[in-house]
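Student: Got a minute? I'd like to walk through this model with you.

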Amino acid sequence: MFIFTFYSLMTIFKNKIWLLVLFLGAIVFCFVEAKGKGDFYIFLSATGDLIKGENFYENKYVDGYHYFYSVLFALLLKPFYCLPFFWLKFCWLLLNCCIYFKLFQMLTKIKLLELLNQKQRSLFIFLVFIFSLRLFLDNMHASQITLVILWCCIYGLYLITHNKPISGAAILALGINIKLLPIVFLPYLIYRGYFKAFAFTVLFYLLYLFAPSLFIGHNYNMSLLKTWLALINPTNQAHVLDVEERSFHGLSTLLSTLFVKNVPDVYALPLKRNIADVSLTALSSLLLITRLALVSFTLFFLKWKPLTKARSAWQQFIELSYMLLLIPLIFPHQQHYAFLFAVPAFAVTLLYLMINYSEMRKQTRLTVLAVLILIYLCVNLKLLLGVYNNYYDHYKILTYGALLLIPLLIWISRKTKNVTSLS
């Protein structure tokens with residue numbers, strides 16, 4: 001684990017002094033964050049119940065939280081179960097740091113950065129970093145798996161679009177298996193004509209789904225899968241009125257707080273936030289229509305014709321960033337750390353702005369900058385001015401920040417000047 005992490009960091013930064021500083025900083029940071037339980041404790045608790053032969057999807061851990069992840073993921077942790085929890089969590093956090101840096105390494109290597117000079121490139125990477133910092137810290141503090149899922153999406157799709165459909169499909173399918181969120185990319189693979197990758201992704205997903213049967217028995221695995229599917233069923237009332245926790249965000253939570261007066265939110269502040277009061281049935285229909293509208297709007301970014309590859313790398317960046325942005329918005333039960341999926345959309349918008357800044361009209365520049373700053377504040381006020389956290393969560397400003405990225409993506413998708421030349 002340590003060797004892999006150190007090697008990955010070395011591939012990112014050429015300056016060995018800065019590399020050493022970053023590595024030591026990561027060690028100290030992970031050591032501090034390894035104290036306490038976090039979600040990694042839930043992961044291992046589910047693995048412990050797996051060893052006992054219990055249905056861990058029916059059990060609750062750490063103040064009543066369910067385990068929402070796959071049987072395979074719980075099984076993969078089994079060999080490490082008896083090791084000291086602190087050092088296991090430390091290695092898990094260090095792995096997440098490694099993935100975070102690896103994703104930035106991929107960002108620094110995109111060809112479109114050649115349109116920027118060295119100072120602009122450094123500024124671009126720095127701005128993406130400070131935008132994502134709060135979300136990264138939230139993931140680390142919660143010892144979550146979001147970074148792993150995001151890496152499965154980005155690296156899996158990178159391999160698929162670079163003529164490595166089998167290895168890319170294996171990675172993408174692993175992400176889908178662990179937390180189902182990357183399933184939004186299956187229709188994309190068909191639309192873009194990656195039929196081989198689609199077939200292998202489905203094949204690997206089924207393999208990951210039923211592989212645990214070889215180790216825990218088929219009947220036990222099927223019983224777990226049945227309970228898991230019932231637990232994550234989006235039609236559950238708990239996933240319509242998605243307000244069980246103050247830190248929930250996304251469309252289901254936002255619409256519940258906007259359209260239900262007495263939403264059963266025990267953490268709500270005594271401040272009005274609803275604009276209407278509708279029945280649960282009407283709310284469910286509204287939520288479905290909104291989700292379908294956002295999903296259908298993907299076609300705007302995909303352009304015509306179907307069954308063909310994207311016209312340029314730039315178009316592909318835009319369409320994939322929109323689909324990643326949809327993940328924390330349309331899926332229920334999304335915590336604040338899930339909005340790490342919004343970072344690519346911010347990066348794409350910022351990159352276009354920096355490439356074309358000098359040629360934009362002053363009013364356009366100021367408008368886009370103002371919206372980006374507003375988005376940044378919606379995402380990072382918790383980090384900048386944490387004393388008012390309860391107000392940020394009460395009004396779900398994180399979700400508004402993510403939604404504001406959509407009109408910016410629409411704007412840049414219609415503006416391709418000076419960008420497609422290197423795509």
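Student: Let's begin with H3: is it mostly covered or not, and how many of its 15 residues are buried?
Tutor: One thing up front: this is a predicted model. As for H3, it is mostly covered, with eleven of its 15 residues buried. Among the buried ones are Phe-40, Ile-42, Phe-43 and Leu-44, and Asp-39 and Asp-49 are on that list too.

Student: Where does H3 sit in the sequence, and how far does it reach?
Tutor: H3 covers residues 38–52. From its first C-alpha to its last it reaches 22 Å, close to the 21 Å expected at 1.5 Å a residue.

Student: OK, zooming out. How many helices and strands does the protein chain have?
Tutor: There are 21 helices and two strands in the protein chain. With a radius of gyration of 22 Å, close to the 22 Å that the globule rule gives for 423 residues, the chain is as compact as a globular protein of that length.

Student: What box do the C-alpha atoms fill?
Tutor: Roughly 65 × 55 × 50 Å, taken along the principal axes. Of the 423 residues, 53% are buried.

Student: New topic: cavities. How many are there of 30 Å³ or more?
Tutor: The structure holds one of 30 Å³ or more. The largest cavity has about 60 Å³ of space in it.

Student: Which helices supply at least two residues each to its lining?
Tutor: Three helices do that for the largest cavity: H19 (362–384), H20 (389–394) and H21 (397–413). H19 gives the most, with four residues.

Student: And which residues line the largest cavity?
Tutor: The lining is made of Arg-134, His-249, Cys-378, Val-379, Leu-381, Lys-382, Tyr-392, Asp-393, Ile-397 and Leu-398.

Student: How do those divide into nonpolar, polar and charged?
Tutor: The lining of the largest cavity has six nonpolar residues, one polar and three charged.

Student: You mentioned H21. How many of its 17 residues are buried?
Tutor: Twelve of the 17 are buried, so H21 is largely enclosed by the rest of the structure. The buried set includes Ile-397 and Leu-398, and both of those also line the largest cavity. Further along H21, Trp-411, Ile-412 and Ser-413 are buried as well.

Student: What span should H21 have, and how far apart are its ends?
Tutor: At 1.5 Å a residue, the 17 residues of H21 should span 24 Å. Its end C-alpha atoms are 25 Å apart, which agrees.

Student: What's in the loop between H20 and H21?
Tutor: Lys-396 is found in that loop. Its phi is near 55 degrees, a positive value in a residue other than glycine. Most residues other than glycine have a negative phi.

Student: Is Lys-396 buried or exposed?
Tutor: Buried: its relative accessibility is 1%.

Student: Which other loop residue has a positive phi near 50 degrees?
Tutor: Ser-143, with phi near 50 degrees, and again this is a residue other than glycine. Ser-143 lies in the loop between H6 (118–141) and H7 (146–161). At 0% relative accessibility, Ser-143 counts as buried.

Student: Switching to cysteines. How many disulfides does the structure hold?
Tutor: Zero.

Student: Why no bond from Cys-97 to Cys-30?
Tutor: Because the sulfur of Cys-97 is 3.7 Å from the one in Cys-30, its closest cysteine sulfur, and that is too far for a bond. The cut-off for a disulfide is within 2.5 Å. Cys-97 is buried, at 4% relative accessibility.

Student: And what about Cys-91, how far is the closest cysteine sulfur there?
Tutor: For Cys-91 the closest cysteine sulfur is also in Cys-30, but at 9.3 Å, too far for a bond. Cys-91 is buried too, with a relative accessible area of 17%.

Student: Last one: which peptide bond is cis, with omega near 20 degrees?
Tutor: The one from Trp-304 to Lys-305. Most peptide bonds are trans. Lys-305 is in the loop between H16 and H17 (313–330).

Student: Where is Phe-300 in all this?
Tutor: Phe-300 is in H16 (residues 298–302). Phe-300 is partly exposed, at 23% relative accessible area. Phe-300 and Glu-319 are 19 residues apart in sequence and 8.8 Å apart in space, C-alpha to C-alpha.

Key:
Residues numbered from 1 in each chain as written. Predicted model: local features only at pLDDT ≥ 70, side-chain atom pairs only at ≥ 80, totals over all residues. Heavy atoms only, no water. 1 Å grid on protein atoms, 1.4 Å probe; cavity = no way out; pocket = protein on both sides within 12 Å on 5 of 7 lines; lining within 4 Å. Points joined across faces, edges and corners; volume = space filled by probe spheres on them. Nonpolar A, V, L, I, M, F, W, Y, C, P; charged D, E, K, R; others polar. Expected span 1.5 Å × (residues − 1). Buried < 20%, exposed > 50% of the residue type's maximum accessible area, 1.4 Å probe, protein only. Rg over C-alpha atoms; globule rule 2.2 N^0.38 Å.
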